[in-house]
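Me: Hey, I've just been handed a new structure and I'd like a quick tour. Can you take a look with me?

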Amino acid sequence: MLVSDTPELTPALAQRIHRHHVVIIGSGFGGLFAAKQLRKANVDVTLIAKTTHHLFQPLLYQVATGILSEGEIAPSTRLILKNQHNASVVLGDVTTIDIDNKVVTSRFLERITVTEYDSIIVAAGAGQSYFGNDHFAEYAPGMKTIDDALELRGRILGAFDQAEAATDPAEIERLLTFVVVGAGPTGVEMAGQIAELAHKTLDGTYRHIDSRNARIILLDAAPKVLPPFADSLGQAAAKRLSKMGVDIQLGAMVTDVDADGLSVKHADGTIRRISARTKVWSAGVAASPLGKQLADQSGAEVDRAGRVLVGKDLTLPGHPEVFVVGDMMSLDKLPGVAQVAIQGGRYAARVIEDGVEAVRAGRKMPARSDFKYFDKGSMATVSRFSAVAQVGPIKITGFIAWVMWLLVHLLYIVGFRSRLTTVISWLTAFFSKGRGQLAVTEQQVEARAAMVYFNAPDTSDAGIEVTAPEPALAAHPLQATRA
């Protein structure tokens, strides 16, 4: 009779031997920093994302206005995690999360991938919200993806080229009018950079128009600029923008958008038309639809923006293994900023690691401490050498705030090479009139029309032909000719 030296694999022993599998959804701040936090943990990490890169979203507006290239703010996720041997990356758009069976289903092209998990961190982020008017997106792109930024670059530069080729004064005025909807940090930064692009970088580059005649309008239904900031900082930002020639119009709610302009409604009920070929939407966000899916399965609530109301440990009711972080979670009115996502991702990773180590050591599961957010302050740049910053009760404006903004953003750019090239690009843009990323291709400017094809449902069996809409004329920089 053979006697084995191997102990019987009891359920308790099996649990201790099992390699805990953590699935992370999203490669943004929350997802990436959670994965990196687990680099030394005794777990296997699978990061599922629908893009191949980690996007530094706060600097998207600099891609749209030609200061930075997309590669500087969107390094490859696989390269970032290359030396983290317990982590792997799966490319795909998550379609369902089955929290009862602990299974995630994702899709990449025609390939369906099913991934099991022991713990999951959902950090799928948020998209642009048009407050129920999704058709606005065709004429007023948001600022949430690389595609958005590159398309906007094409529309902005294309508008100047179209104006150069036009002869009708009304058409030239419409082409040289740029409207930014939303006076939050993104809107303020975008309006300021379009103004600098028109008044400095492009000055003297056209022969039939003066780029300095461009009209930049910043719209918001709110009564002040930078609503999340202190009133004094919003007033300082507004004063600086006005000095740069930005027309700030507050208390104006957008009611309609089309190819040639938009309509706004004021508090007294009057509706006014603004003629403009180029519009930028930065007025709202909506959480990933995965949030509603998780809420329906767990009984959690969602707020108006689709964010899931989580517990103090960032988990769903009855599911301590499901963490929701970043722009998808709602807790204590925390803002949807990068720091909340980073700290939430790291917190979830530490909780998981502590639990895994306790099980491996045969100890009782440790009690979870509540997630506590450390507010490192809020910042927004207005123009070169001018920004506003709020750190607790301390309020800073002007050059010092601008330097702080540079240092903080440089700190959170991933990778030495990206930091170095970003500094070089900033030196070029801020200490001269030049910008190194003003190239525009037809692929970029027609991206939204092309995506209609890619995202359309398969209707071949029904004999239905799906055609992409014609892109706006301003998206074709060289299409028109001068009469």
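Reply: Sure, here is a walk through the fold, the core and a few single residues. One thing up front: this is a predicted model.

Me: Good to know. How many helices and strands does the chain have?
Reply: DSSP gives 15 helices and 23 strands. Of the 483 residues in the chain, 48% are buried.

Me: And what share of the contacts join residues at least 24 apart?
Reply: That share is 63%, counted among contacts between residues at least 6 apart in sequence.

Me: Let's do sheets. In what order do the strands of the open sheet come?
Reply: The order is S11-S10-S9-S15, so to speak from one side to the other, and the pairing is parallel. The edge strands are S11 (246-250) and S15 (278-281), each pairing on one side only. From one strand to the next, the twist averages 20°.

Me: How many bridges join S9 to S10?
Reply: There are 5 bridges between S9 (residues 177-181) and S10 (residues 215-220). If you want a spot to click on, Thr177 has Arg215 in S10 as its bridge partner.

Me: Which helices sit on that sheet?
Reply: Helix H9 (residues 231-243) packs on the sheet and touches S10 and S11, with its direction at about 135° to that of S11. Helix H6 (residues 146-165) lies across S9 and S15, running at about 155° to S15.

Me: Is there a hairpin I can look at, and which strands form it?
Reply: Look at S12 and S13, which form a hairpin with 2 residues between them. S12 (residues 252-258) and S13 (residues 261-266) run antiparallel and are joined by 6 bridges. In that ladder, Ala252 has His266 of S13 as its bridge partner.

Me: Switching to the inside. Which residues touch the most other members of the largest nonpolar core?
Reply: Those are Ile73, Phe160, Met190 and Trp426, in a core of 72 residues. H6 gives the most to this core, with 9 residues. There's also a second, separate core of 51 residues, which includes Leu81, Ala87, Val89 and Ala123.

Me: What is Trp426 in contact with?
Reply: Leaving aside neighbours within four places in sequence, the contacts of Trp426 include Leu59, Ile67, Trp405, His409 and Phe431. Trp426 also belongs to an aromatic cluster with Phe385, Phe399, Trp402, Trp405, Phe430 and Phe431.

Me: How many aromatic pairs are there?
Reply: The count comes to 14. One to look at is Phe160 with Tyr206: the ring centres are 6.2 Å apart and the planes are at 20°, so the pair counts as stacked.

Me: Where do those two sit in the chain?
Reply: Phe160 is in helix H6, while Tyr206 is in the loop between helix H8 (185-201) and S10, so this pair links distant parts of the chain, 46 residues apart.

Me: Are they buried or exposed?
Reply: Phe160 is buried, with a relative accessible area of 0%. Tyr206 is buried too, with a value of 15%.

Me: Why is helix H2 described as largely enclosed?
Reply: Because 7 of its 9 residues are buried; H2 covers residues 29-37. Among the buried ones are Phe29, Leu32 and Phe33. The buried residues of H2 pack against several elements, including strand S1 (20-25), helix H11 (338-361) and helix H12 (399-412).

Me: What lies over the face of Phe33?
Reply: Lys36 does, at 5.7 Å from the ring centre.

Me: Two more residues. Is Ser386 buried or exposed?
Reply: Ser386 is at 12% relative accessibility, and the cut-off for buried is under 20%, so it counts as buried. Ser386 is in strand S22 (residues 386-391). Leaving aside neighbours within four places in sequence, Ser386 is in contact with Arg240, Thr381, Gly398 and Trp402.

Me: And where is Ala283?
Reply: Ala283 lies in the loop between S15 and strand S16 (285-287). At 31% relative accessibility, Ala283 counts as partly exposed. Not counting residues up to four places away in sequence, Ala283 touches Gln128, Phe131, Val181 and Gly182.

Me: How many residues apart in sequence are Ala283 and Ala183?
Reply: They are 100 residues apart in sequence, yet 7.4 Å apart in space, C-alpha to C-alpha.

Methods: Residues are numbered from 1 along each chain as its sequence is written. This is a predicted model: local features need pLDDT of at least 70, side-chain atom pairs count only at pLDDT 80 or more; totals for chains, interfaces and linings use all residues. Side-chain values use heavy atoms; hydrogens and water are left out. Two strands pair if DSSP finds at least two bridges between them. Helices (H or I, at least four residues) and strands (E, at least two) are DSSP runs, numbered from the N terminus. Axes are lines fitted to C-alpha atoms, for helices over the stretch in contact, and angles run from 0 to 180 degrees between N-to-C directions. Contact means heavy atoms within 4.5 Å. A nonpolar core is a set of buried Ala, Val, Leu, Ile, Met, Phe, Trp, Tyr and Cys residues joined through side-chain atoms within 4.5 Å. Buried means under 20% relative accessible area, exposed over 50%, partly exposed in between (1.4 Å probe, protein chains only). Rings of Phe, Tyr and Trp (its six-membered ring) pair if their centres lie within 6.5 Å; planes under 30 degrees apart count as stacked, over 60 as edge-to-face and the rest as tilted. A charge sits over a ring if NZ of Lys or CZ of Arg is within 6 Å of the ring centre and within 35 degrees of the ring normal.
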